[in-house]
Amino acid sequence: MDAEDLRSEIRRVRRRFEMDDDPNEMINDFDAFRDELEMLVYRAVNEAQQE
């Protein structure tokens, strides 16, 4: 995953959890948000292991 792919994924997560609207609002589905972040963190590791 290159830097632009990562930025794109971060933007997707921000849209999905409506973080751009009001960043001070609580995240409704925090467990799903945490899962999305974990996938982003470990995605590069998983891709490297598959090569």
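Here are some short exercises on this structure, each with a worked solution.

This is a predicted model, in which local features need pLDDT of at least 70, side-chain atom pairs count only at pLDDT 80 or more, and totals for chains, interfaces and linings use all residues. Residues are numbered from 1 along each chain as its sequence is written, and side-chain values use heavy atoms, with hydrogens and water left out.

**Exercise 1. The core**

Find which residues make up the largest nonpolar core, and which helix gives the most to it.

Solution.
- Start with the rule: a nonpolar core is a set of buried Ala, Val, Leu, Ile, Met, Phe, Trp, Tyr and Cys residues joined through side-chain atoms within 4.5 Å.
- Buried means under 20% relative accessible area, exposed is over 50%, and partly exposed lies in between, using a 1.4 Å probe and protein chains only.
- The largest such core has five residues: V13, F17, A32, F33 and L40.
- Helix α2 gives the most to this core, with three residues. Helices are DSSP runs of H or I with at least four residues, numbered from the N terminus.
- As background, nonpolar side chains tend to be buried together in soluble globular proteins.

**Exercise 2. The rings**

Work out how many aromatic pairs there are, and what kind of pair F17 and F33 form.

Solution.
- Rings of Phe, Tyr and Trp (its six-membered ring) pair if their centres lie within 6.5 Å; planes under 30 degrees apart count as stacked, over 60 as edge-to-face, and the rest as tilted.
- Counting this way gives two aromatic pairs.
- F17 and F33 make an edge-to-face pair, at 5.4 Å centre to centre with 80° between the planes.
- F17 sits in the loop between α1 (3-16) and α2, while F33 is in helix α2, so this pair ties together parts that are 16 residues apart in sequence.
- Next come F30 and F33: their ring centres are 6.0 Å apart and their planes at 45°, so this pair is tilted.
- F30 and F33 both belong to helix α2, three residues apart, or about one turn of the helix.
- Put together, ring pairs link F17, F30 and F33 into a cluster.

**Exercise 3. Buried or partly exposed?**

Decide for F30, F33, E36 and E9 whether each is buried or partly exposed.

Solution.
- F30 has a relative accessible area of 46%, so F30 is partly exposed.
- F33 comes to 10%, so F33 is buried.
- E36, in helix α2 (residues 30-50), is buried, at 8%.
- E9, in helix α1, counts as buried, at 19%.

**Exercise 4. Contacts**

List what E36, L40 and E9 touch, not counting residues up to four places away in sequence.

Solution.
- Contact means heavy atoms within 4.5 Å.
- E36 touches R12, V13, R16 and F17.
- L40 touches L6, E9, I10 and V13.
- E9 touches L40 and R43.

**Exercise 5. A long reach**

State how far apart A44 and N28 are in sequence and in space.

Solution.
- A44 has its place in helix α2.
- At 40% relative accessibility, A44 counts as partly exposed.
- A44 and N28 are 16 residues apart in sequence and 27 Å apart in space, C-alpha to C-alpha.

Terms used
Helices (H or I, at least four residues) and strands (E, at least two) are DSSP runs, numbered from the N terminus.
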